[in-house]
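Dear colleague,

I am handing over the structure we spoke about, and below it you will find my notes on what turned up in it. Please read them with the model open beside you.

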Amino acid sequence: MKTRGTWLASALAMAAMPFAISSAFAADAPSMTDAEKATAKKIYFERCAGCHGVLRKGATGKNLEPHWEKTLKDGSKLEGGTLKLGQNRLEKIIAYGTEGGMVNFDDILTKDEINLMARYIQNVPDVPPEFSMAEMKATWKVMMPVDKRPTKQMNKINLKNIFSVTLRDTGEVALIDGDTKGIVSVVKTGYAVHISRISASGRYVYVIGRDGRLSLIDLWLEQPAVVAEVKVAFDARSVDTSKFKGYEDTYAIAGGYWPPQYSIMDGATLEPLKIVSTRGMTVDGEYHPEPRVASIVASQTKPEWVVNIKETGQIRLVDYSDLKNLKETTFESAKFLHDGGWDSTQRYFLVAANASNKIAVVDTVERKLAALVDTAKIPHPGRGANFVHPTYGPVWTTGHLGADVITLIGTDPEKHKDNAWKVVQEIKHVGAGNLFVKTHPKSKHLWADAPQNPEKALAESVAVYLISDLSKPPVMLNVAKDSGLPETSAIKRAVQPEYNADGNEVWISLWGGKADQSAIVVYDDVTLKLKKVITDPKIITPTGKFNLHNTQHDIY
Ligand code: DHE
């Protein structure tokens with residue numbers, strides 16, 4: 001039997017153990033001044049943490065700890081780490097990328113910064129602090145209380161066709177009128193906003209920054225503006241709102257990357273109500289200290305959110321009908337869950353387990369995993385694209401970061417049972433490096449970008465496929481050329497096709513250097529002719545664009 005003394009001794013030994021391992025390797029790591037460390041930490045947060053994790057245990061990107069060791073199923077041990085790779089190799093990987101999908105940073109970082117980052121990742125990562133309810137509450141601000149807000153729409157804007165556009169490098173969101181193509185407002189938000197989601201009523205836009213700042217925009221004001229904000233985490237990517245009948249606009253939920261937790265807020269004021277940690281065991285039965293919250297989606301058939309936990313591969317259905325006695329149903333899928341979207345009936349949510357090369361299918365009616373579908377390398381659907389295939393019936397589509405195909409998965413277990421949750425077709429895409437695919441129920445086209453492709457001509461173009469004959473090569477639209485912007489050394493990546501509310505126009509972001517003029521290029525979806533280039537100087541590094549109507553109703 002252990003005495004109190006031996007418990008204490010073993011507790012102290014345990015506490016000292018990770019430190020002992022770390023410091024042994026830290027001794028071999030290149031030295032850095034405090035100022036260098038601070039610069040590297042900032043660059044790591046802005047450019048690397050999303051893929052590799054704050055603790056550098058790896059997800060979409062590889063493990064970047066100075067030294068790692070793992071036991072394989074047959075009991076043998078595997079080890080590696082950045083110290084083993086060494087300074088020269090690390091600098092080359094950062095500068096030129098890898099076959100495995102790491103992009104090149106030699107056009108973003110200077111030679112000195114690349115040298116700095118290679119040294120930084122050979123040092124032991126710092127563990128950032130936690131973020132409590134009290135700390136969250138201290139950041140909460142209501143700029144306009146609910147009783148001071150209008151009770152009806154005070155402007156004449158066709159809200160249905162508003163686009164909420166992320167201006168990545170300025171920490172802003174531009175609200176653009178889809179009818180006139182004019183800017184309605186540019187509002188200050190968190191750093192490098194990731195996504196916008198729309199409340200069930202269509203009145204509020206929720207915007208989440210990578211720095212965890214959640215902003216609430218009221219579209220009914222004469223001049224739409226931020227009416228409340230709160231910091232939900234130090235690093236975050238996802239947000240949604242309660243959409244079930246009776247709970248419209250009642251709650252918001254936001255997912256943290258660090259700390260790994262999700263938070264539930266009042267939908268109209270963003271008052272923090274609850275924080276739930278997502279730390280726990282992976283589907284392989286290993287404890288993970290940093291299981292980040294990836295996509296979140298609101299069910300319209302139950303008072304529930306589907307919350308996808310990246311590193312553990314656990315999917316949680318969170319029932320928000322009683323926050324004090326919160327009910328979560330957790331089921332296993334595959335590790336590295338990321339982005340996803342509904343099938344056309346909005347019963348099944350299809351989410352990419354990207355580094356596992358799988359799509360998990362969540363049945364929100366039966367409340368269980370319907371299937372785990374093997375796909376080509378690194379599926380990246382955004383929200384995906386739904387259409388009726390001439391041979392296979394209803395399908396949902398994903399592109400791939402790591403393969404030059406577009407994958408079609410059958411989604412109709414009732415009338416096309418043999419095709420359901422199977423890859424029914426892989427269309428040859430123009431190359432790897434796709435991020436987003438998109439269509440609309442009224443369209444005959446499927447649009448796919450390739451912004452992460454190393455070839456300039458492909459990264460600057462989008463491919464448009466004809467749904468009725470997917471064997472035909474796509475029409476290629478060179479968005480950078482069509483924009484009329486001057487050629488620069490930086491690649492102008494054509495990213496994220498998004499339809500207007502009527503489903504007859506497609507908007508593409510041209511995402512160039514911060515100092516270069518950016519643009520949003522609008523095409524007619526019927527003729528594929530250029531319709532408009534939005535180049536207002538205020539539109540700086542646009543990335544995601546969220547059409548209010550399509551986002552509110554999950555139309556894609
Ligand atoms: Fe995204 C969706 C995470 C890089 C633009 N991105 C998502 C979602 C997650 C995610 C978890 C799903 C949110 C949801 O539906 O609730 N993205 C990450 C990363 O971790 C990653 C790989 C690295 C990072 O540091 O953030 C990353 N993402 C990017 C970009 O570089 C993109 C292209 C430009 C940008 O904004 O920085 C980008 N991500 C987007 C967009 C969506 C998105 C536009 C929403 C697509 C949609 O149609 O809903």
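Which residue of the protein serves as donor to the iron atom of the ligand, and how far away is it? Please keep in mind that this is a predicted model. The single protein donor to the iron is His-194, whose NE2 atom lies 2.0 Å away. His-194 is placed in the loop that runs between β6 (183–188) and β7 (195–198), and a polar atom of the His-194 side chain also lies 2.8 Å from a nitrogen atom of the ligand.

The surroundings of the ligand comprise 24 residues, of which His-194, Arg-210, Arg-237, Tyr-257 and Arg-383 come nearest. For Arg-210, an N or O atom of the side chain is 2.7 Å from an oxygen atom of the ligand, whereas Ile-296 offers a polar backbone atom, 3.2 Å from a ligand oxygen. Two or more residues of this shell are given by each of α2 (34–52), β7, β11 (235–241), β17 (293–298), β21 (337–342) and β37 (542–547). Sorted by character, the shell holds 10 nonpolar, eight polar and six charged residues.

A second place to look at is Glu-311, in the loop between β18 (304–309) and β19 (314–319). Is Glu-311 buried or exposed? Its relative accessibility is 2%, and because buried means under 20%, Glu-311 counts as buried. The side chain of Glu-311 makes a polar contact of 2.8 Å with the side chain of Arg-292. Once neighbours within four places in sequence are set aside, Arg-292 is among the residues in contact with Glu-311, together with Gly-58, Ala-59, Thr-282, His-288, Glu-290, Pro-291, Lys-335 and Phe-336.

Finally, a word on the annotated part of the chain. UniProt, in an unreviewed entry, lists residues 35–125 as "domain: Cytochrome c". In the model this span is 47% helix and 9% strand, and the C-alpha atoms at its ends lie 16 Å apart. Helix α4 (residues 111–120) has Ile-114, Leu-116, Met-117, Ala-118, Arg-119 and Tyr-120 as its buried residues, and these pack against α2 and α3 (82–96). Helix α2 is thus named twice in these notes, since α2 is also one of the elements that give two or more residues to the shell around the ligand.

With best wishes

Technical notes: Residues are numbered from 1 along each chain as its sequence is written. This is a predicted model: local features need pLDDT of at least 70, side-chain atom pairs count only at pLDDT 80 or more; totals for chains, interfaces and linings use all residues. Side-chain values use heavy atoms; hydrogens and water are left out. Helices (H or I, at least four residues) and strands (E, at least two) are DSSP runs, numbered from the N terminus. Buried means under 20% relative accessible area, exposed over 50%, partly exposed in between (1.4 Å probe, protein chains only). A polar contact is a pair of N or O atoms within 3.5 Å; within protein, one must be able to donate a hydrogen and the other to accept it, and residues adjacent in sequence count only if both atoms are side-chain atoms. Contact means heavy atoms within 4.5 Å. Donors are N, O and S atoms within 2.8 Å of the metal (3.2 Å for Na, K and Ca); water is not among the atoms, so sites may look incomplete. A residue is near a molecule or strand if one of its heavy atoms lies within 4 Å of it. Ala, Val, Leu, Ile, Met, Phe, Trp, Tyr, Cys and Pro count as nonpolar, Asp, Glu, Lys and Arg as charged, and the others, Gly among them, as polar. UniProt positions are given in the numbering used here, feature names are shortened, and annotations may be inferred rather than shown by experiment.
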